[in-house]
Amino acid sequence: MSIPAFYDQRRSGTGAGSSSTSGNGTAPKSRPALAPDAGLSRRMTTLFAVAAGLAVANTYYAQPLLTSIAKAFGVGSGTASMIATLGQVGYTVGLALLVPLADVVDRRRLVVALLVVTAGALAVSAAAPDFAVLAVASAVLSLTAVAGPVLVPYAATLASPRQRGAVTGSVMSGVLMGVLLSRTVGGLIAQFAGWRAVYGVAAVLTLGLAALLSRVLPSLAPSAHLRYGALLRSVLTLLREEPSLRLRAAYGFLGFGAFSVLWTSIAFQLARPPYSFGEAAIGTLGLAGAAGAVAARVTGKATDRGLDRRVTGAMFATMLAGWALLAAHGGHWLVTLVLGVVVLDLGVQGAHVTNLAVAYRLRPEARSRITTAYMTSVFLGGVAGSAASGAAFAGGGWSAVAATGAAFSGAAFLLWALSTVKGRK
């Protein structure tokens, strides 16, 4: 695979979003830079999208496997759901502590290193002798699975201004497809080869991805020169100085909270009567949720036309409609359950891409730290949603889960309405 094939034909030694020097002041020799307005070719954008999707999928393979994991280790559904919650916690810590490094080190090297460690943690998960080892390995692999969020601002930086929203939407659609299709793939593999095989296959795929990206990704010189402590503090400074970032972070918290409420408990709902589905059938529900990738692409283009506020409100209203469908008939009608998944994921993913596109306009030189500020809030919402979902299902079944998810979505819509009245973006 040749590197030049991925790029537009215009080249130069310097360009927007790239640099003619490496972090030590010497000219990089192994990776080309883009011309100021060259942007990313469709093929390179697709590579970023696929890589980001495969990287983030590692955090979610476990969700359709929770019933099998609970049986294998003799634990209850509440304990097994801790794998999902620990995954969210580990991912959130990685967002806070590792993603900011992309503004001060070579991003290609950072991505490859994260993928290699993730592959090792996946291999440990495949061989875990007990639930405790699996839980620790899940936390570690989630910590380093943040290669995906590093790739999103990486692609946005390489994109030209006129295509940045569309590129961000395309790469985020890859992330979201990874999140959703990981459940389908995990469920199918587990159905025929057992849940341990899921982690083994993921380890091989992740190591192969690391090898590929080490060859084809361009190097980017650091956009900032800060010590690690100052780097982390600058994330808080961005939040303090940018009210739009705070608002979008709050939207992300609530939106991903609603998303996690659904996917943490739906495996348990489908595993019991009237469905009694196996892992493969449960995993295929991710195909319905993949419709959200359509919203990611469309809303990314809409933000390039300045329709941020309208799109945001429409997406939160769509999320509420999704929960209404999911709650219908106590979750015992498969058709409304599937439609609810489609509609909810359309709303969540569309809002997510719009949030990032707005945030990336604020400080172009700090996109990785903006990603940290925003995505840490997003996954804190995921932790809250997963924990609330597990407790709701254990205490009140699917109806309680639907009410919890609707509460997250309703809070997001209310916040948007209040911010619109105040004229905030």
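**Entry 1: ground rules**

I call a residue buried when its relative accessible area is under 20%, exposed when it is over 50%, and partly exposed in between (1.4 Å probe, protein chains only). I am working on a predicted model, where local features need pLDDT of at least 70, side-chain atom pairs count only at pLDDT 80 or more, and totals for chains, interfaces and linings use all residues. Residues are numbered from 1 along each chain as its sequence is written, and side-chain values use heavy atoms, with hydrogens and water left out.

**Entry 2: helix H14**

I began with H14, which covers residues 308-327. Helices here are DSSP runs (H or I, at least four residues), numbered from the N terminus. I listed the buried residues of H14: Asp-308, Val-311, Thr-312, Gly-313, Met-315, Phe-316, Met-319, Gly-322, Trp-323 and Leu-326.

Next I checked its length. The expected span of a helix is 1.5 Å times one less than its number of residues. For the 20 residues of H14 that gives 28 Å, and the end C-alpha atoms are 29 Å apart, which agrees. After H14 comes His-329, with a positive phi near 55°.

**Entry 3: salt bridges**

Which charged side chains pair up? I searched the whole structure and found 5 salt bridges. The test is a side-chain nitrogen of Lys or Arg within 4 Å of a carboxyl oxygen of Asp or Glu. Side chains of opposite charge can pair when their charged atoms come close.

I looked at Asp-308 and Arg-361, whose side chains meet at 2.8 Å, N to O. This pair links distant parts of the chain: Asp-308 is in H14 and Arg-361 in the loop between H15 and H16, 53 residues apart. Asp-308 is buried, at 0% relative accessibility. Arg-361 is partly exposed, at 41%. I also noted a network: salt bridges that share partners join Asp-103, Arg-107 and Arg-369.

Then I turned to Arg-363. Its side chain meets that of Glu-241 in a salt bridge, 2.8 Å from N to O. Arg-363 lies in the loop between helix H15 (334-360) and helix H16 (367-421), and Glu-241 lies in helix H10 (residues 228-241), so the pair ties together parts that are 122 residues apart in sequence. Arg-363 is partly exposed, at 23% relative accessibility. Glu-241 is partly exposed too, at 42%.

Glu-242 also forms a salt bridge with Arg-363, with the closest N and O atoms 2.9 Å apart. Glu-242 sits in the loop between H10 and helix H11 (243-271), 121 residues from Arg-363. Is Glu-242 buried or exposed? I found it buried, with a relative accessible area of 14%.

**Entry 4: helix H10**

I measured nothing by hand; I compared computed spans. The 14 residues of H10 should span 20 Å, and the end C-alpha atoms are 20 Å apart, which agrees. Its buried residues are Leu-231, Ser-234, Val-235 and Leu-238. Seen down the axis, they fall within an arc of 110°, so they line one face of the helix. The arc is taken over the directions from the helix axis to the C-beta atoms. On the other side of H10, Arg-233, Leu-236 and Arg-240 are exposed. Among the parts covering the buried residues are H11 and H16.

**Entry 5: Arg-367**

I placed Arg-367 in helix H16. It is buried, at 5% relative accessibility. I looked up its contacts (heavy atoms within 4.5 Å). Not counting residues up to four places away in sequence, Arg-367 touches Asp-103, Pro-153, Ala-156, Thr-157, Arg-164 and Tyr-360.

**Entry 6: aromatic pairs**

I searched for aromatic pairs and found 10. Rings of Phe, Tyr and Trp (its six-membered ring) pair if their centres lie within 6.5 Å; planes under 30 degrees apart count as stacked, over 60 as edge-to-face and the rest as tilted.

Phe-259 and Trp-263 form a tilted pair, 6.4 Å centre to centre with 50° between the planes. They are 4 residues apart in helix H11, about one helical turn. Phe-259 is buried at 2%, and Trp-263 is buried at 3%.

The rings of Phe-268 and Phe-393 have centres 5.9 Å apart and planes at 35°, so this pair is tilted. Phe-268 lies in H11 and Phe-393 in H16, so the pair ties together parts 125 residues apart in sequence.

I closed with a cluster: Phe-73, Phe-131, Trp-195 and Tyr-199 form one aromatic group.

Key: Helix = DSSP H or I, 4+ residues; strand = E, 2+ residues; numbered from the N terminus.
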